[in-house]
Amino acid sequence: MYATALIVFRESLEAALFVGIIAAATRELTGRSRWLSGGIGLGALGAVLLALMAERLSGWMDGLGQDLVNIAVLATALVLLLWHCIWVSAHAREMVQQARAVGASVRQGQRTPWALLLVVALAVLREGAETVLFVGGSLVGSTAVSGAAVLTAGALGLAGGVLVGAAVYAGLTHIPTRRVFAVTNLLVAVLAASIASQLMRAVAQAGFVEAGTAPLWDTSSWLSMQSPLGALLHGLVGYDAQPSALQALAYAAVLLLIALATRWLAPRPRAG
Amino acid sequence: MHRRLLLSRALCAAAIAATLAPAAAAEPEVLLVIKDHRFEPTLLKVPAGQRIKLVVHNQDATPEEFESHALNREKVVPAGAKVTIFIGPLKPGRYEFFGEYHEATAKGAIVAE
């Protein structure tokens, strides 16, 4: 039962960290809990559907069906995050002016960030599908353990993952107000970069690209992906002990792209 | 401007077609079976320096997740399903993999030489 709880914990950790970061990045938005829960609910529903289709899906395209879905999900999430980062930069001047005029906090009254809602749904969908498949398989296949025990262990593992996500969120809420905008933009940018890196890995796994897929370096002796810190950093900043050249390139390119877009679109200090 | 757009679109399509088209010399294909929560064989020998097409067939009634930190690959294999995972090109050496859902018994390694 410990094994089941541990596996569910690991699977849910990544999604929980993701949600925690997005929740922190949108802390100032009114009604944020509503759409965040909506995103999570939507993702969970999608995860169940995906898990149900898994058997049929995996045989598509000569055994690559699952990778194709994964690539589509990651690519969509990446585009949404990039769009969000760039939108925020483009409208930063408006938002700051509005806030000054109203004398209110910067983010109040902002419309629903659909992009982030969808990104949360996609993250929960991806990790959730694996969790549902695993728990479903354990329920069906195991004769030694009762269904109730499996579900309890799964719930405990999930609770553990959520706890870590909540802890990260709580930690992030301690950022002083004047820095919160810059820090949360950085967090979302790093999320986008780590998704780009995972996208490159998925593309290599599916055999769509061959060049640049060999590992660039191996830091697993310093920080293994199996260690708790390694897993945490993987979920937070996309740490990979053996990234390929493509992965590293994609990560850097996304950060660069967002940095440039922010510079170019950000409000300039007024002359005089 | 119009011509440049056409050209870049054509180049894009060509690049996509080139990467999706099967390689001229098909990469070696190796089969890995999951049975009774174990991998068969537990040791796979593959040539180093070229991409390998790893086909994993799960003959159990429950799903398994093929995972390898050394190879940087992870993929869920539903019950009864056959999936494809591309690995490499690998430097000569030993690369361990495991089944995340049954880590105690599902273990193996790929040796590239």
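This report describes a predicted model with a chain A and a chain B.

## Basis of the model

Residues are numbered from 1 along each chain as its sequence is written, and chains are lettered from A in the order in which they are written. Local features need pLDDT of at least 70, side-chain atom pairs count only at pLDDT 80 or more, totals for chains, interfaces and linings use all residues, and side-chain values use heavy atoms, with hydrogens and water left out.

## Chain B: overall make-up

Chain B holds 1 helix and 9 strands. Helices (H or I, at least four residues) and strands (E, at least two) are DSSP runs, numbered from the N terminus. Along the sequence the pattern is α-β-β-β-β-β-β-β-β-β.

Of the 113 residues in chain B, 45% are buried (under 20% relative accessible area, 1.4 Å probe, protein chains only). Contacts (heavy atoms within 4.5 Å) can also be sorted by separation in sequence. Among those in chain B with a separation of 6 or more, 56% join residues 24 or more positions apart.

## Chain B: the open sheet

Strands of a sheet pair through backbone hydrogen bonds, either parallel or antiparallel. In chain B, 5 strands form an open sheet with mixed pairing, in the order β3-β9-β8-β5-β6. Two strands pair if DSSP finds at least two bridges between them. The edges are β3 (43-46) and β6 (73-77). Each has a single partner strand, so one side of each is left without a neighbour in the sheet. Neighbouring strands are turned by 20 degrees against each other on average, direction ignored (axes are lines fitted to C-alpha atoms).

Strand β5 (residues 64-68) and strand β8 (residues 93-99) of chain B pair in the antiparallel sense over 2 bridges. Here B:Phe66 stands opposite B:Gly99.

## Chain A: helix α5

Helix α5 of chain A covers residues 147-172. Its 26 residues should span 38 Å, at 1.5 Å times one less than the number of residues. The end C-alpha atoms are 38 Å apart, which agrees.

Buried residues of α5(A) include A:Gly154, A:Gly157, A:Gly161 and A:Gly165. The buried residues pack against α1 (2-25), α4 (114-141), α6 (177-205) and α7 (228-237) of chain A.

## Where the chains meet

The contact takes 29 residues from chain B and 33 residues from chain A. Together the chains bury about 2700 Å² (accessible area lost on being put together, 1.4 Å probe, summed over both), 46% of it on carbon and sulfur atoms. B:Arg51, B:Asn72 and B:Tyr101 supply 21% of the area that chain B buries against chain A, more than any other three residues.

The interface has 6 salt bridges (a side-chain nitrogen of Lys or Arg within 4 Å of a carboxyl oxygen of Asp or Glu). The side chains of B:Glu100 and A:Arg10 meet in a salt bridge, at 2.9 Å from N to O.

Note on methods. Axes fitted to C-alpha atoms, helices over the stretch in contact; angles between N-to-C directions. Buried < 20%, exposed > 50% of the residue type's maximum accessible area, 1.4 Å probe, protein only. Buried area = accessible area lost by both parts, 1.4 Å probe.
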